Amino acid sequence: MIGDTTEAKECRRKDPMDLFRSGQVVKICAPMVRYSKLAFRTLVRKYSCDLCYTPMIVAADFVRSGKARDSEFTTNKGDHPLIVQFAAKEAQVLCDAARIVCPFADGIDLNCGCPQRWAMAEGYGACLINKPELVKDMVRHVRNQIDNPKFSVSIKIRIHEDLKRTVDLCQKAEAAGVSWITVHGRSIEERHQPVHYDAIKTIKQSISIPVVANGDVKTLKDAENVHQLTEADGIMVARGLLANPAMFAGYEETPFKCIQDWVDIALEHGTPFTCFHHHLMYMMERITSKQEKKVFNVLSSTSAVLDYLNDHYGM
């Protein structure tokens, strides 16, 4: 799961809240299923990303199964500050999961925003925004049971149609001791509709803890605009970073150096081919022609990809 335990423990004492106290807008890599794993986090950290999340992990499976822990959670000495995101619906299960990762990570995040049907059906994700007392209870339990005062407990939410309900949820979470709240500015039903940045601003003005804005940020300029619109303390990016992992460093599109870095990091980490290839497809989306995509996207082995990059880009 973790590599060298003592080494990981020595480097764990980062306080993510220091980022929010710095006065700078905190640049954050979102939790992304399959994608925000150790190799990709290593890459975006090279390009001015301040804080990274793991993909969402189902807390009950994580607590119950050593196999789940080994496959779901990998970190190393340089992978800080790191937030582990959990899907949970029971306070004690979330606490048990938090206790397992506490020596190796800098905080946990409770997913209250995933709108996928399976998550909602299981009582996870976005359905939790309709259960403010449960969210409050889960945050408070983790706060009371984790000894390390620097270990953060955050939540990631979507908004209600009636924003008063979202403000109420956020105020309850704040009272329970939540460190910060990430707001994806869409409701559960909304997928590709415009993000309600005005709603994020309203939430920011109604609580005194940091708020992170999430949704439709594709460039560093977008991040700056969203900060202006929302007054948020941090900006979290998902697809924008997949398309351009160097985005936070100010690059308009993925530089070749970043592609080379990805190849080196992915090979070093033993990244499975499908993941290795998919990341490259995202990164090269804007810099390859339709014809090149047709060829590149159907390559089926690491060696074929490396040959292609060598032949076309001299990598």
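**Exercise 1.** H9 and H10 are oblique to each other; show which crossing angle leads to that word.

*Solution.* A quick note before we start: this is a predicted model, where local features need pLDDT of at least 70, side-chain atom pairs count only at pLDDT 80 or more, and totals for chains, interfaces and linings use all residues. Residues are numbered from 1 along each chain as its sequence is written, and side-chain values use heavy atoms, leaving out hydrogens and water.

- Step 1: Look at the axes of H9 and H10 (lines fitted to C-alpha atoms over the stretch in contact, with angles from 0 to 180 degrees between N-to-C directions). They come within 10 Å and cross at roughly 40°.
- Step 2: Pick the word. Under 35 degrees is roughly parallel, over 145 roughly antiparallel, 65 to 115 roughly perpendicular, and the rest oblique. So H9 and H10 end up oblique.
- Step 3: Add the hand, which is right-handed for H9 and H10 (the near helix is turned clockwise from the far one by less than a right angle).
- Step 4: Find who touches whom, with contact meaning heavy atoms within 4.5 Å. From H9 come Leu-163, Thr-166, Val-167, Cys-170 and Gln-171, and they meet Ala-199, Thr-202, Ile-203 and Ser-206 of H10.
- Step 5: Sort them: five are nonpolar, four polar and none charged (Ala, Val, Leu, Ile, Met, Phe, Trp, Tyr, Cys and Pro are nonpolar, Asp, Glu, Lys and Arg charged, the others polar, Gly among them).

**Exercise 2.** Now do the same for H8 and H9: what is their packing angle, and which residues make the contact?

*Solution.*

- Step 1: H8 covers residues 132-145 and H9 covers 163-176; they pack at about 20°, axes 8 Å apart.
- Step 2: That angle makes H8 roughly parallel to H9, and H8 passes H9 in a right-handed crossing.
- Step 3: H8 brings Pro-132, Glu-133, Val-135, Lys-136, Val-139, Arg-140 and Arg-143 to the contact, while H9 brings Asp-168, Leu-169, Lys-172, Ala-173, Ala-175 and Ala-176.
- Step 4: By class that's seven nonpolar, six charged and no polar residues.

**Exercise 3.** Try one more pair: how are H10 and H11 packed?

*Solution.*

- Step 1: H10 (residues 197-206) and H11 (residues 220-230) pack at about 55°, and their axes are 8 Å apart.
- Step 2: H10 and H11 are therefore oblique.
- Step 3: Tyr-197, Ile-200, Lys-201 and Lys-204 of H10 touch Val-226, Leu-229 and Thr-230 of H11. Here the split is four nonpolar, one polar and two charged.

**Exercise 4.** Hunt down two backbone oddities: where do Pro-81 and Ser-48 sit?

*Solution.*

- Step 1: Most residues other than glycine have a negative phi, and most peptide bonds are trans.
- Step 2: His-80 and Pro-81 are joined by a cis peptide bond, with omega about -10°. You'll find Pro-81 in the loop between helix H5 (66-72) and strand E4 (82-87).
- Step 3: Ser-48 isn't a glycine, yet its phi is positive, about 70°. Its place is the loop between helix H3 (38-46) and strand E2 (51-53).

**Exercise 5.** Zoom out: how many helices and strands does the chain have?

*Solution.*

- Step 1: Count 16 helices and nine strands (DSSP runs numbered from the N terminus: helices H or I, at least four residues; strands E, at least two).
- Step 2: The C-alpha atoms fill a box of roughly 60 × 45 × 40 Å along the principal axes.
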